[in-house]
Amino acid sequence: MARDEFQALLTYIRTDQLQPHRPRSGPLGSPPPVVTIARDHGAGGEAIAAKLAESLGVPCFDKEILDAVVATATSDPALMRQLDEKLPGRAGMFLYASLMGLHDPLTEYQRLLTRVVNGIAFRGGVIVGRGAHLLLRGAPRFRVRIVGSDEVCAARLAGGDPAKVADALHEVQRVNAARAKYFKEFFKVSNGDPLQYDLIVNTDRFTDLDAVTDLILHAYRIHGGHAETQPPSPIHQDSTSGP
């Protein structure tokens with residue numbers, strides 16, 4: 001994503017314009033494309049997200065989400081980065097925060113992540129991970145999950161080198177376990193629940209990522225970006241209480 005787009009996002013989330021209850025200014029029209037991409041590690045989700053964003057003519061947000069959280073946080077940036085799609089041991093983290101005179105880093109991360117993701121959705125974009133499909137519950141967005149078996153994902157990460165497959169398999173299992181824990185503790189749901197998504201693609205079977213992008217585009221256009229009617233997620237609340 002271009003640096004000026006990132007700066008525009010930072011400027012936007014530092015105002016109260018992104019709050020979900022604020023009406024969109026200007027003439028009414030079709031909402032911008034918003035697609036969330038949840039993914040297994042090594043399943044190709046990041047590459048698919050970038051291709052999809054280019055096809056839709058919107059930015060792709062991955063590590064920029066964390067960068068925006070860090071840039072707007074009052075807590076130690078290192079603590080914010082530790083919380084990105086994983087939940088480290090909280091005892092040591094809270095001890096460090098207390099010694100430094102900082103607020104609960106998890107609560108701040110939760111609040112800022114919600115603001116950043118909703119700010120992105122207001123402007124349009126493809127959002128990778130971070131539970132964006134849950135943070136935007138009730139908003140117009142298309143929720144996609146990219147999955148794959150541990151073995152195939154490891155082989156993809158190894159780049160065809162058999163000597164690297166064992167280490168890649170360990171990495172896949174470690175990262176996926178951390179993400180599953182993050183969802184369970186942060187959102188109180190399983191990230192593998194198929195009812196949380198509009199489309200799930202298994203890249204064990206669809207190995208051509210360009211074809212997967214075309215498939216998602218076709219499904220997105222059929223879907224029309226409509227949101228189901230349901231109560232907002234508790235994560236939306238900008239409170240100072242813990243999860």
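**Exercise 1. Disulfides and cysteine burial**

Determine how many disulfides a search of the whole structure finds, and decide whether Cys 60 and Cys 153 are buried or exposed.

*Solution.* In this predicted model, a search that covers the whole structure returns zero disulfides. For burial, the cut-off to apply is a relative accessible area under 20%. Cys 60 has a relative accessibility of 18% and therefore counts as buried. Cys 153, at 1% relative accessibility, counts as buried because that value also falls under 20%.

**Exercise 2. The largest cavity**

State what volume the largest cavity has, and work out which residues and elements line it.

*Solution.* The structure holds two cavities of 30 Å³ or more, and the largest has a volume of about 60 Å³. Its lining is made up of 11 residues, among which Ala 38, Arg 39, Arg 145, Phe 183 and Asn 191 are the closest to the cavity centre. Two or more lining residues come from each of the elements β1 (34-39) and α9 (165-186). Sorted by class, this lining has five charged, three polar and three nonpolar residues.

**Exercise 3. The second largest cavity**

Identify which element gives the largest share of the lining of the second largest cavity, and describe what classes of residue are found there.

*Solution.* The second largest cavity has a volume of about 30 Å³, and its lining includes Thr 36, Ile 37, Ala 38, His 133 and Phe 183. The elements giving two or more residues to this lining are β1, β3 (125-128) and α7 (132-135), with β1 supplying the largest share, three residues. By class, the lining has six nonpolar and four polar residues, and no charged residues.

Key. Residues numbered from 1 in each chain as written. Predicted model: local features only at pLDDT ≥ 70, side-chain atom pairs only at ≥ 80, totals over all residues. Heavy atoms only, no water. Disulfide = S-S within 2.5 Å. Buried < 20%, exposed > 50% of the residue type's maximum accessible area, 1.4 Å probe, protein only. 1 Å grid on protein atoms, 1.4 Å probe; cavity = no way out; pocket = protein on both sides within 12 Å on 5 of 7 lines; lining within 4 Å. Points joined across faces, edges and corners; volume = space filled by probe spheres on them. Helix = DSSP H or I, 4+ residues; strand = E, 2+ residues; numbered from the N terminus. Nonpolar A, V, L, I, M, F, W, Y, C, P; charged D, E, K, R; others polar.
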